[in-house]
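Work through the exercises below with the sequence and the structure in view. Each task is followed by a solution in steps.

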Amino acid sequence: MPGGPDAEDVQLSLDLPTDPTLFGDLERLLTRVVEAAGGRVHLVVQNAALLRRLLEERRWLEAAVHQSGNGVLILDRQGMVVGFNLVLERLSGWSLDDAVGKPSHQVFPFEVAGTSYSLQPLAMEGDGPPPVEARLTTREGAPLDVEVASALVRDDRGVLLGSVVTVRDIRARKEKERLERIFLSAVSHELQTPIAIIKGFAGLLSDPEISLPPEQVRQKAAIIEEESARLERMVSQMLLASRLQAGGLKLERETVALEALVARVVEKLEPVAQARGVTLRCDYPGEIAPLHVDAGKIEQVVGNLIENALKYSGGHTVTVRVAQRPWEFEVSVVDEGVGVPLESREQIFQPFERGAQGPGKIHGTGLGLFICKAIVEAHGGHIGVEDAPGRGSRFYFTLPRGSTP
Ligand SMILES: Nc1ncnc2c1ncn2[C@@H]1O[C@H](COP(=O)(O)OP(=O)(O)OP(=O)(O)O)[C@@H](O)[C@H]1O
Ligand SMILES: [Mg+2]
């Protein structure tokens, strides 16, 4: 063998033995070692390439599973949790460490139409059941609307290994469906009444066979006018709400005096208050700095809050109070009425939510507070409700002074 360390090694081994039999054994042994080592080196190189490819594929698979927009859950054939991705971790509140190895029904309890829905692969047929809408109870016990689809996984010989379950969050779709349902029922209840009244009285007035005394004609015409105004208000509320939901609120700011703005609204609603026997009061803190807001829209907020106070409270006095702080203005409408129960204080600001005082008793579409919230938040302010001192509620909203020029 020419030069190099190999030649030197061989030379060394050839020098060592003195016994020719031993030399023959050693030669055979060395040949076997070299052959084995050579083979293993080749194998090791091959394995390293395979391992690299496997790791690469695994990285891709993991990235695809983890970055999937849906929850992905892997179960073994007995239905025990093998793993799941970050989306499902976030949706369910379970961490991998706490869930792996547990039965899936313990970690991810699904219900379809009120009965528990099993994900057990052994009990499934074919490639797995079609997707179903289900309710998942999270680790904290909160219900979550999801769509679940199971695909059974088999090896090359068709032996069942387990399943891959896809969990899709359908809360947004459910909420949209709920709003559509409420919208339809609000429209049918609230719009149908004025339409029926207008139609009835207009028919009466236009009937050539019925002649009414002038006073009665005036009365009926006044009712038609009133109901048309209600209809007009409702339609414009609905249009504004749908524009707000589409994210299309544009503010046209101008510099205004808050005191004058509130006074204008109070003056407009004075007759309504009088008709209900309610005293409408204003309470200003003296000199109020001018502010830069969309005056028409803020008037709408104050108007909605006062209207609600007159409509729902049933108290004797409604007070509109303006407070001025170094960083913000606050307008509150305080009534002495029934108040708003703690559990619906967030809800009533959602579209079509009519709270405890709404349905069946007093007309309304449940859009007033939703519109108020959108307007106030577009100004960078905050709106809320709390108990008024004594009895009733205090609806308030803030406008940051940053919006002052
Ligand atoms: N001052 C109040 N006192 C008690 N409950 C109130 C008061 N203001 C509002 N609520 C409750 O909040 C609900 C939602 O009010 P919101 O103004 O959004 O809708 P609405 O008055 O029902 O209809 P509209 O769209 O005609 O204003 C009301 O239905 C009522 O149950
Ligand atoms: Mg209202």
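## Exercise 1: a salt bridge between two helices

Arg 264 is partly exposed, at 41% relative accessibility (buried means under 20% relative accessible area, exposed over 50%, partly exposed in between, with a 1.4 Å probe and protein chains only). This is a predicted model, in which local features need pLDDT of at least 70, side-chain atom pairs count only at pLDDT 80 or more, and totals for chains, interfaces and linings use all residues. Residues are numbered from 1 along each chain as its sequence is written, chains are lettered from A and ligands numbered from 1 in the order in which they are written, and side-chain values use heavy atoms, with hydrogens and water left out.

Task: find what the side chain of Arg 264 meets in a salt bridge, and state whether Glu 299 is buried or exposed.

Solution.
- Step 1. Side chains of opposite charge can pair when their charged atoms come close.
- Step 2. A salt bridge is defined as a side-chain nitrogen of Lys or Arg within 4 Å of a carboxyl oxygen of Asp or Glu.
- Step 3. Arg 264 and Glu 299 meet this way, at 2.6 Å from N to O.
- Step 4. Arg 264 belongs to helix H8 and Glu 299 to helix H9, so the salt bridge ties together parts that are 35 residues apart in sequence. Helices (H or I, at least four residues) and strands (E, at least two) are DSSP runs, numbered from the N terminus.
- Step 5. Glu 299 is buried, its relative accessible area being 16%.

## Exercise 2: the packing of H8 and H9

Task: describe how H8 and H9 pack, and say which kinds of residue make up their contact.

Solution.
- Step 1. H8 covers residues 258-275 and H9 residues 295-312; their axes are 9 Å apart, at an angle of about 35 degrees. Axes are lines fitted to C-alpha atoms, for helices over the stretch in contact, and angles run from 0 to 180 degrees between N-to-C directions.
- Step 2. Residues that meet across the two helices include Leu 261, Arg 264 and Leu 269 in H8, and Ile 298, Glu 299 and Leu 310 in H9 (contact means heavy atoms within 4.5 Å).
- Step 3. The contact of H8 with H9 has 11 nonpolar residues, one polar and four charged.

## Exercise 3: a salt bridge between two strands

Task: locate the partner of Arg 321 and compare their exposure.

Solution.
- Step 1. Arg 321 forms a salt bridge with Asp 283, with 3.0 Å between the closest N and O atoms.
- Step 2. Arg 321 lies in strand E11 (residues 317-324) and Asp 283 in strand E9 (residues 279-283), 38 residues apart.
- Step 3. Arg 321 is partly exposed at 35%, and Asp 283 is partly exposed at 33%.

## Exercise 4: aromatic pairs

Task: how many aromatic pairs does a search of the whole structure find?

Solution.
- Step 1. Rings of Phe, Tyr and Trp (its six-membered ring) pair if their centres lie within 6.5 Å; planes under 30 degrees apart count as stacked, over 60 as edge-to-face and the rest as tilted.
- Step 2. The search finds two pairs.
- Step 3. Phe 84 and Phe 108 are edge-to-face, with 5.3 Å from centre to centre and 90 degrees between the planes.
- Step 4. Phe 84 is buried at 5%, and Phe 108 is buried at 1%.
- Step 5. Phe 349 and Phe 395 have ring centres 6.4 Å apart and planes at 55 degrees, so this pair is tilted.

Key: Ala, Val, Leu, Ile, Met, Phe, Trp, Tyr, Cys and Pro count as nonpolar, Asp, Glu, Lys and Arg as charged, and the others, Gly among them, as polar.
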